[in-house]
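Here are a few friendly notes to read alongside the model. I have set them out as numbered points so you can check each one as you go.

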Amino acid sequence: HISEPKKGAQFAKFAFELGWIHDDMGDAKKAISYYEQALSINKAVYGDRHPNVAAILNNIGGAWYALGDAKKAISYYEQALSIDKAVYGDRHPDVATMLNNIGEAWKALGDVKKAISYYEQALSIDKAVYGDRHPSVATMLNNIGGAWKALGDAKKAISYYEQALSIDKAVYGDRHPSVATMLNNIGEAWKALGDAKKAISYYEQALSIDKAV
């Protein structure tokens, strides 16, 4: 015999997994319907302020983002952020993830400066949690670089991309897909600055790595 709360939690897990499968298949609308079922059950079983609830809210936000509704995504991300802060405090990787997701949504809405403010908060947390030389820190530096490039400041973008590249090389070595991605991004920034020759030199380094990998 399975108690009602345990049965509810098991069904919620099943609904969440079905949502994730449909999300992975690109059917965000169907994913949302399963996530909403999982959300309702998790709230009933665990209450409104639980990490499981935050995780589902994040996934619903991601699905709305995939459907092109960044404003709706932000509303879900902010609910998840509020829970994560209440559960973990202000300096936790899950909090950083939510801040990054909100930043991405604001960038999609065209408010790149607001996006940068969220990215920088996430970067500060990741540095405090992981130290200065960690893949999560590199990801945030890359995101900030991309935002500055979107604002038309390619030089500032390069400074962030190069920091991210240095970390990726230290973590993964010189011949890794993440290193190739950063080299490509630096190339793009140099292209935006009108230095096509320099851009090509970075693209060629990235190509060499991708061929090797």
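1. Ala80 is a good place to begin: with a relative accessible area of 0%, Ala80 counts as buried because the cut-off is under 20%. Please keep in mind that this is a predicted model. Ala80 sits in helix α4, which covers residues 70-88.

2. What does Ala80 touch, once residues up to four places away in sequence are set aside? The list is Ala54, Leu57, Asn58 and Met98. Looking further along the chain, Ala80 and Asp94 are 14 residues apart, and their C-alpha atoms are separated by 9.4 Å.

3. Three of those names lead to helix α3, which runs over residues 51-66: Ala54, Leu57 and Asn58 are among its buried residues. Also buried there are Val53, Ile56, Asn59, Ile60, Gly61 and Ala63. The helix has 16 residues and reaches 23 Å from first C-alpha to last, close to the 22 Å expected at 1.5 Å a residue. Just after α3, Gly68 adopts a positive phi of about 90°.

4. Leu57 and Ile60 come up again in the largest nonpolar core, where they are among the residues with the most contacts, together with Leu99, Leu141 and Leu183. That core has 62 residues. As general background, nonpolar side chains in soluble globular proteins tend to be buried together.

5. Leu141 deserves a closer look. Leaving out its neighbours within four places in sequence, Leu141 is in contact with Leu123, Tyr160, Gln163, Ala164 and Ile167.

6. Is Asn143 buried or exposed? Asn143 is buried, because its relative accessible area is 14% and the limit is under 20%. This residue belongs to helix α7, residues 135-150. Beyond residues up to four places away in sequence, Asn143 touches Asn100, Glu104 and Tyr119.

7. Now for the whole chain. The protein chain has ten helices and zero strands. Its C-alpha trace spans about 70 × 35 × 30 Å along the principal axes. Of the 213 residues, 39% count as buried. Among contacts between residues at least 6 apart in sequence, 52% join residues at least 24 apart.

8. Finally, surface and charge. The accessible surface comes to about 11000 Å², with 51% of it belonging to carbon and sulfur atoms. The chain carries 25 positive and 25 negative charges, and the mean positions of the two sets are 3 Å apart.

Technical notes: Residues numbered from 1 in each chain as written. Predicted model: local features only at pLDDT ≥ 70, side-chain atom pairs only at ≥ 80, totals over all residues. Heavy atoms only, no water. Core = buried A, V, L, I, M, F, W, Y, C linked by side-chain atoms within 4.5 Å. Buried < 20%, exposed > 50% of the residue type's maximum accessible area, 1.4 Å probe, protein only. Contact = heavy atoms within 4.5 Å. Helix = DSSP H or I, 4+ residues; strand = E, 2+ residues; numbered from the N terminus. Expected span 1.5 Å × (residues − 1). Areas by Shrake-Rupley, 256 points an atom, 1.4 Å probe, with all protein chains shown as cover. Lys, Arg positive; Asp, Glu negative; His and termini not counted. Charge placed at Lys NZ, Arg CZ, Asp CG, Glu CD.
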